[in-house]
Every structure is written in structure tokens, then in C-alpha cells.
Amino acid sequence: MLSDDEKVGAEAYFALLEAGNLLFAAVDQQLRRDGEISHAQFEILTKLRAHPDGLRMSDLANVLVVSRSGLTYQVTQLEKRGLLQRGSAPGDDRVVVVRVTPAAEGLIDHLEPGHVQLVRQAFSAVTDRRDFETLARILGQLSQTLRATRRHDDG
């Protein structure tokens, strides 16, 4: 039996899941329509864009919180489209580094306005700045806690 506080926590948890799933689906639909790319692939490209020198595959998997095998599949698909380039790390040919291509830069530039507009509309309809700050703080703490637990369980 859940306490009253636990019931409120459960309601918040399920609301988070539902809202996240709905927002993810809307974003995925927009990205597929406007750029023939999935949300997961867009996330890979935008994370890599922030690292002009590229990232090792293992580091990218950790940043995205995905399995290495799932990431390898997505990277292969993006590479086939000419959006990513794999290469070796300087000084270590055994380490694979992934970088965005100019074509990916162009695709991200094309998709960003619609993506930003969709997310802005979804949030601005129900949220003000103070709520954003609270939500960011709570979700940041949750992510930090879960990442620490994940690292502990992995190793």
C-alpha cells in the first residue's frame, strides 16, 4: 500500500512518462516529416555537432544513454546517408571517433527551426520561466542520480 506522499509521487512519475512519450512522438513525427530522420538520429547529430573534433563511440553511447550496439546501428544508417563520418582517434587506430559532416550541419540547420517551434509551443502552452527552472532542476537531479546509479551498476 502506498502512502499519500508515494501516491503523489506515482502520479508525477506516470505524468512524466506520458508527457515524455507524447512529446517524443510529436518531435519524432516532425523530424521524420521535415528531414526523413528519427528523433534518435537527430539527437546523435546534435550531440556530435557540439563536439567538432568528434566523439569516441563509447563516449557518445554514454552521453546518449544507449547501448553500443543500438548506437552502432544508428551511426551506420547516418553514415550511409553521408551525415556522419567515422575515423580513428589521433594516436590510436583502435578507437573509433564519429564526426558530423557538412551535410549533417545543413540538415540540422534545416530542422532546428521547426524543432524549436514545436518544443516551444508544447512547453509555453503550460509553463512559465519559474516552472522551467523548477522542472530543469528536478529533472537534472533525477538524471544525475540515475546516471550515478547506472555507473555503479555497470562497473
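Start by selecting Arg49, Glu105, Asp109 and Glu112: in this predicted model, these four are linked in a network of salt bridges. Keep Arg49 in the middle of your view and go through its partners one at a time.

First partner: Glu105. Its side chain meets that of Arg49 in a salt bridge, 2.7 Å from N to O. Colour by helix and you'll see Arg49 in H2 and Glu105 in H5, so the pair ties together parts that are 56 residues apart in sequence.

Next partner: Asp109. Here the salt bridge with Arg49 has an N to O distance of 2.4 Å. Asp109 also lies in helix H5, while Arg49 lies in H2, so this pair ties together parts 60 residues apart in sequence.

Now switch on a surface. How accessible are these side chains? Arg49 is partly exposed, at 24% relative accessible area. Glu105 is partly exposed too, at 29%, and Asp109 is partly exposed at 43%.

For a salt bridge inside one helix, jump to Arg32 and Asp28. Their side chains meet at 2.7 Å, N to O, and both residues sit in helix H1, four residues apart, about one turn of the helix. Is each one buried or partly exposed? Arg32 counts as partly exposed, with 47% relative accessibility. Asp28 is buried, because its 15% relative accessible area falls under the 20% cut-off. Over the whole model, the count comes to eight salt bridges.

Time to leave the charges. Select Leu16, Leu135, Ile138, Leu139, Leu142 and Leu146, which form a nonpolar patch on the surface with about 460 Å² of accessible area together. H6 gives the most to this patch, with five residues. Click on Leu142 for a closer look: this residue lies in helix H6 and is partly exposed, with a relative accessible area of 37%.

Last stop: the largest pocket, with about 1,300 Å³ of space. To find its centre, select Leu16, Gly20, Leu23, Phe123 and Leu139, which lie nearest to that point among the 33 lining residues. You've already met Leu16 and Leu139 in the nonpolar patch.

Which helices should you show around the pocket? Pick H1 (4-35), H2 (39-49), H5 (102-124) and H6 (129-154), the elements that give two or more residues to the lining. H1 supplies the largest share, eleven residues. Then colour the lining by residue class: you'll get 21 nonpolar, eight polar and four charged residues.

How values were computed. Residues are numbered from 1 along each chain as its sequence is written. This is a predicted model: local features need pLDDT of at least 70, side-chain atom pairs count only at pLDDT 80 or more; totals for chains, interfaces and linings use all residues. Side-chain values use heavy atoms; hydrogens and water are left out. On a 1 Å grid over the protein atoms alone, a cavity is a set of points where a 1.4 Å probe fits but cannot get out, and a pocket is an open set with protein on both sides within 12 Å along at least five of seven lines; lining residues have an atom within 4 Å of a point. Grid points are joined across faces, edges and corners, and a volume is the space filled by probe spheres set on the points. Ala, Val, Leu, Ile, Met, Phe, Trp, Tyr, Cys and Pro count as nonpolar, Asp, Glu, Lys and Arg as charged, and the others, Gly among them, as polar. Patches are made of residues with over 30% relative accessible area and no salt bridge: like charges are joined within 9 Å, nonpolar side chains (Val, Leu, Ile, Met, Phe, Trp, Tyr) within 5 Å. Accessible areas come from the Shrake-Rupley method with a 1.4 Å probe; for residues, only the protein chains shown count as cover. Buried means under 20% relative accessible area, exposed over 50%, partly exposed in between (1.4 Å probe, protein chains only).
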